[in-house]
Amino acid sequence: MKTLFTLALAALFSFSALAQQADLRKKISVSGSAETEVTPDIIYLSISLKEYLKDNNSKKKVDITILENQLYAAVQRAGIDKSNLTINNLSSYNNATEKKKNPDFLASKQYKLKVTDLNKWNDIIGAIDPKGIAYTNIDSYDYSKIEDLKRELKIKALQAAKSKATYLVEALGEKLGSVIDIQEINNEQFPQPMYRNVMMMKAESADAAANAQAEIDFKKIKLNYVMNTVFEIR
């Protein structure tokens, strides 16, 4: 009998604890969203310079230093800070013996350049010996005020959710209480830049490529945020 009483008492306490844990508040769940599109204003470009032989004569090599100086000078004339130009990769001889084995070795360097105006990029490329350009392309791009924009959109989405919840609750003669839960969903889209033959060069076609202009079509960065919220109904 004592055992049964103990079990009944334990069950009563368990039921009481569950009742206290259960959320019996009246609630409303709504979503709010905000979105925008922006044009990238920061572009990261890569360029590869490579030594070449004039008229296929190994004694008439255009040194990588000459090409590099042309690049640096063009960047300076464009008014771009030198810190925006960095070396990505380097291919060169460190061993004199290997140099002797292969006197026709052609050194190359790869650079990354940060620009905010593609017209400057066209001017820079046009100032470099086209036969010394192995290739150029776009690595990535960004928007300078992206974090501020994200914060603004999230706030707008949250405000939209609260506004929706308010008029829905008031339509039933109730009042909106405090927020119980917020969940963020983002749909950021950073599409790859579309570019067509951005100065892909070979020595035999360098003369034709010298007058080419980079044809680049940027798709806008699209930011979309959804805030799933739960409010109490008073």
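This is a short tour of the structure, stop by stop, with something to select each time.

**Before you start**

You are looking at a predicted model, in which local features need pLDDT of at least 70 and side-chain atom pairs count only at pLDDT 80 or more, while totals for chains, interfaces and linings use all residues. Residues are numbered from 1 along each chain as its sequence is written, and side-chain values use heavy atoms, with hydrogens and water left out.

**Stop 1: the whole chain**

Show the protein chain as a cartoon and you should find 6 helices and 11 strands. Helices (H or I, at least four residues) and strands (E, at least two) are DSSP runs, numbered from the N terminus. Of the 234 residues in the chain, 32% are buried; buried means under 20% relative accessible area, exposed over 50%, and partly exposed in between (1.4 Å probe, protein chains only). Now switch on the surface: the accessible area is about 15200 Å², and carbon and sulfur atoms account for 50% of that. Such areas come from the Shrake-Rupley method with a 1.4 Å probe, and for residues only the protein chains shown count as cover. Among contacts (heavy atoms within 4.5 Å) between residues at least 6 apart in sequence, 83% join residues at least 24 apart.

**Stop 2: a three-stranded sheet**

Select E1, E11 and E8. These 3 strands form an open sheet in the order E1-E11-E8, with antiparallel pairing. E1 and E8 are the edge strands, each with a single partner, so one side of each has no neighbour in the sheet. On average, neighbouring strands here are turned by 20° against each other, direction ignored. Two strands count as paired if DSSP finds at least two bridges between them; E1 and E11 pair over 12 bridges. For a close-up, pick Ile 28, and you will see it standing opposite Phe 231 in E11.

**Stop 3: helix H5**

Next, select residues 146-170, which are helix H5. Its 25 residues reach 36 Å from the first C-alpha to the last, close to the 36 Å expected at 1.5 Å a residue (the expected span is 1.5 Å times one less than the number of residues). H5 lies across E1, E8 and E11, running at about 145° to E1. For that angle, axes are lines fitted to C-alpha atoms, for helices over the stretch in contact, and angles run from 0 to 180 degrees between N-to-C directions.

Which residues of H5 are buried? Show side chains for Ile 146, Leu 149, Lys 150, Leu 153, Ala 157, Ala 161, Ala 165 and Val 169. They pack against strands E1 (27-38), E7 (133-142), E8 (176-186) and E11 (221-233).

**Stop 4: salt bridges**

The whole structure holds 7 salt bridges, each a side-chain nitrogen of Lys or Arg within 4 Å of a carboxyl oxygen of Asp or Glu. Stay on H5 and select Arg 151 with Asp 148: their closest N and O atoms are 3.1 Å apart. The two are 3 residues apart, about one helical turn. Arg 151 is partly exposed at 49%, and Asp 148 is partly exposed at 45%.

Now move to Glu 152 and Lys 156, a salt bridge at 3.2 Å. Both lie in H5, 4 residues apart.

Finish away from the helix, with Glu 51 and Lys 61, whose side chains meet at 3.4 Å, N to O. Glu 51 sits in the loop between E2 (42-50) and E3 (52-53) and Lys 61 in E4 (residues 61-62), so the pair ties together parts 10 residues apart in sequence. Glu 51 is buried, with 5% relative accessible area, whereas Lys 61 is partly exposed at 37%.
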